[in-house]
Amino acid sequence: MFTHEREALKAVAQTLRERLSGKIVSVHAFGSRVRGNHDEWSDFDLLSIVEGRAPALEEEVVGIIVEEEMKKRLSFAPVVKDIRQFEMEKRFHTPFYENIVKEGVPL
């Protein structure tokens with residue numbers, strides 16, 4: 001991952017934390033762009049773990065990510081999960097959880 005990409009990802013995470021204070025538990029980048037086996041059409045997969053996931057909150061998270069996508073001129077694919085849902089995935093060692101643990105980059 002290039003320095004400007006890492007900085008852009010950190011900026012997205014910071015914006016989420018600032019605008020949704022207390023709702024964002026953590027933000028992680030994952031997928032082919034993080035692994036380094038991407039092509040020119042690959043995007044950055046972004047996992048936002050939130051407290052109290054609801055449609056309105058998910059819409060806010062995705063909206064912020066889209067705004068940042070336009071500013072940074074990078075393509076993001078947002079995934080929003082409630083902390084309880086993510087803890088359940090951890091408990092059952094789901095492939096998604098294992099993938100985040102293995103290759104995810106906390107932002």
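**Entry 1: Arg73 and His93**

I started with Arg73, which sits in the loop between H3 and E3. The model is a predicted one, so I kept to features with pLDDT of at least 70. Arg73 comes just after H3 and takes a positive phi of about 60°. It does so although it is not a glycine. Is Arg73 buried or exposed? Its relative accessibility is 73%, so it counts as exposed.

I then looked up His93. This residue lies in the loop between H4 and helix H5, which covers 95-103. Its phi is also positive, near 50°, and His93 is a residue other than glycine. With 53% relative accessibility, His93 counts as exposed.

**Entry 2: Helix H3**

Next I checked the length of H3. It has 18 residues, and at 1.5 Å a residue they should span 26 Å. The end C-alpha atoms of H3 are 25 Å apart, which agrees.

Which residues of H3 are buried? I listed Leu57, Val61, Ile64, Ile65, Glu68 and Glu69. They cover an arc of only 145° around the axis, so they fall on the same side of H3. Two glutamates are on that list, Glu68 and Glu69. On the other side of H3, I found Pro55, Ala56, Glu59 and Met70 exposed. What do the buried residues of H3 pack against? They pack against H1, E1, E2 and E3.

**Entry 3: Helix H1**

I repeated the check on H1. From first C-alpha to last, its 17 residues reach 24 Å, close to the 24 Å expected at 1.5 Å a residue. The buried residues of H1 are Glu5, Ala8, Leu9, Val12, Ala13, Thr15 and Leu16. Their arc around the axis is only 160°, which puts them on the same side of H1. Thr3, His4, Glu7 and Glu18 are exposed on the other side of H1.

**Entry 4: The sheet**

I traced the strand order. Four strands make an open sheet, in the order E3-E2-E1-E4, with mixed pairing. E3 and E4 are the edge strands, and each pairs on one side only.

How many bridges join E2 to E3? I counted seven, and these two strands run parallel. E1 and E2 run antiparallel and are joined by six bridges. E1 also pairs with strand E4, residues 105-106, in the antiparallel sense over two bridges.

I followed one row of partners across the sheet. Leu47 stands opposite Val79 in E3. Leu47 is also the bridge partner, in E2, of His28. In E4, the partner of His28 is Pro106.

Why is E1 largely enclosed by the rest of the structure? Six of its seven residues are buried, so the rest of the structure largely encloses it.

**Entry 5: Helices across the sheet**

I looked up which helices lie across these strands. H1 lies across E1, E2, E3 and E4, and runs at about 160° to E1. Helix H4, residues 83-91, lies across E1, E2 and E3. H4 runs at about 90° to E3.

**Entry 6: The nonpolar cores**

I went through the largest nonpolar core last. It holds 22 residues, and Leu16, Leu46, Val61, Phe76 and Leu107 touch the most other members. Helix H1 (3-19), strand E1 (24-30), strand E2 (44-50), helix H3 (55-72) and strand E3 (76-82) each supply at least two residues of this core. Which element gives the largest share? H1 does, with five residues. In soluble globular proteins, nonpolar side chains tend to be buried together.

I took Phe76 for a closer look. I left aside its neighbours within four places in sequence. Phe76 is then in contact with Leu9, Val12, Asp43, Phe44, Leu46, Ile65, Glu68 and Glu69. Of these contacts, Leu9 and Val12 are among the buried residues of H1. Ile65, Glu68 and Glu69 are among the buried residues of H3.

I also noted a second, separate core of seven residues, which includes Leu47, Ile49, Ile83 and Tyr97. Leu47 is the residue I had met opposite Val79.

Key. Residues numbered from 1 in each chain as written. Predicted model: local features only at pLDDT ≥ 70, side-chain atom pairs only at ≥ 80, totals over all residues. Heavy atoms only, no water. Core = buried A, V, L, I, M, F, W, Y, C linked by side-chain atoms within 4.5 Å. Buried < 20%, exposed > 50% of the residue type's maximum accessible area, 1.4 Å probe, protein only. Contact = heavy atoms within 4.5 Å. Expected span 1.5 Å × (residues − 1). Arc of directions from axis to C-beta. Pairing = 2+ DSSP bridges. Axes fitted to C-alpha atoms, helices over the stretch in contact; angles between N-to-C directions.
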